[in-house]
Amino acid sequence: MSKKVLVVSSSFRRHGNSDLLCDEFIRGAQEAGNAVEKIFLKDYKINFCLGCGVCNSTHKCVQKDDMEVLLAKMVEADVIVLATPVYFYAMNGQLKTFIDRTVPRYEEISGKDFYFILSAADTSKENMTRVIEGLRGYTEDCLPGTREKGIIYGVGAWQAGEIKSSPAMAEAYHIGKNV
């Protein structure tokens, strides 16, 4: 059965390491017959959460930016992939800002399959624990019924394109193929 897959790339570099891993995941998912859309967060205007709490009761944000469009894409998707370069052992700020702004439609985003894609200059998967803890805090604690389906660790890649020689590329393709 074909699934709707939304790949959220938070990289500021097109064809950077995390973005290349996204492309391999997408290639596999499309070859398996899934409908895939990739969004680059840098192409959208996303303001910081104001913490005003209005969305808790209205399910709408008071801010006028591109998050309403992005939230609709998340709601429509069966599978969501969150991809980030790792900056100082954390997800990048663009992805964190995006996650903070999903509160208005939490309930509708719950119950979906999630995959995580990380790229980092560090060579240790173990050093990515804090990033995964942050992503799991979001998906497991805030979105009931979500299922973590896979993590792709693109470690040991600093300069754009270095990931191409990593086993993570084949892993991204394989995991995408088995969405």
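Which unit do S1, H1 and S2 make? This tour of a predicted model reaches the reply after a view of the whole chain.

**The whole chain**

Begin by displaying the entire protein chain as a cartoon. Its secondary structure comes to 7 helices and 6 strands. Followed from the N terminus, the elements run β-α-β-α-α-β-β-α-α-β-α-β-α. Switch next to the C-alpha trace, which spans about 50 × 40 × 30 Å along its principal axes. For 179 residues, a compact globule would have a radius of gyration near 16 Å, and the protein chain agrees because its own value is 16 Å. Of these 179 residues, 48% are buried.

**The opening unit**

Select strand S1 (4-9) and helix H1 (17-31), then add strand S2, residues 35-40. Together, S1, H1 and S2 make a right-handed β-α-β unit. Hide the helix for a moment and look at the two strands: S1 and S2 pair in the parallel sense, over 6 bridges. To find one point of contact, select lysine 4, whose bridge partner in S2 is alanine 35.

**The loop after S1 and a surface patch**

Restore the helix and select phenylalanine 12, placed in the loop between S1 and H1. Is phenylalanine 12 buried, partly exposed or exposed? Its relative accessibility is 43%, and therefore it counts as partly exposed. Now add Tyr87 and Phe88 to the selection and show the surface. With Phe12, these residues make a nonpolar surface patch of about 400 Å².

**Alanine 77**

Move on to alanine 77, in the loop between helix H3 (67-76) and strand S3 (79-87). The relative accessibility here is 4%; a residue is buried when the value is under 20%, so alanine 77 counts as buried. Select leucine 6 as well and draw a distance between the C-alpha atoms. Alanine 77 and leucine 6 are 71 residues apart along the chain, while their C-alpha atoms are separated by 5.9 Å.

**Glycine 161**

The last stop is glycine 161, which lies in the loop between strand S6 (147-155) and helix H7 (167-177). Glycine 161 has a relative accessibility of 22% and so counts as partly exposed. Finally, add serine 18 to the selection. How far apart in space are glycine 161 and serine 18, C-alpha to C-alpha? The separation is 9.3 Å, although the two residues are 143 residues apart in sequence.

Notes
Residues are numbered from 1 along each chain as its sequence is written. This is a predicted model: local features need pLDDT of at least 70, side-chain atom pairs count only at pLDDT 80 or more; totals for chains, interfaces and linings use all residues. Side-chain values use heavy atoms; hydrogens and water are left out. Patches are made of residues with over 30% relative accessible area and no salt bridge: like charges are joined within 9 Å, nonpolar side chains (Val, Leu, Ile, Met, Phe, Trp, Tyr) within 5 Å. Accessible areas come from the Shrake-Rupley method with a 1.4 Å probe; for residues, only the protein chains shown count as cover. A salt bridge is a side-chain nitrogen of Lys or Arg within 4 Å of a carboxyl oxygen of Asp or Glu. Helices (H or I, at least four residues) and strands (E, at least two) are DSSP runs, numbered from the N terminus. Buried means under 20% relative accessible area, exposed over 50%, partly exposed in between (1.4 Å probe, protein chains only). Two strands pair if DSSP finds at least two bridges between them. A crossover is right-handed if, with the strands pointing away from the viewer, the path from the first strand over the helix to the second runs clockwise. The radius of gyration is taken over C-alpha atoms; the globule rule is 2.2 Å times the number of residues to the power 0.38.
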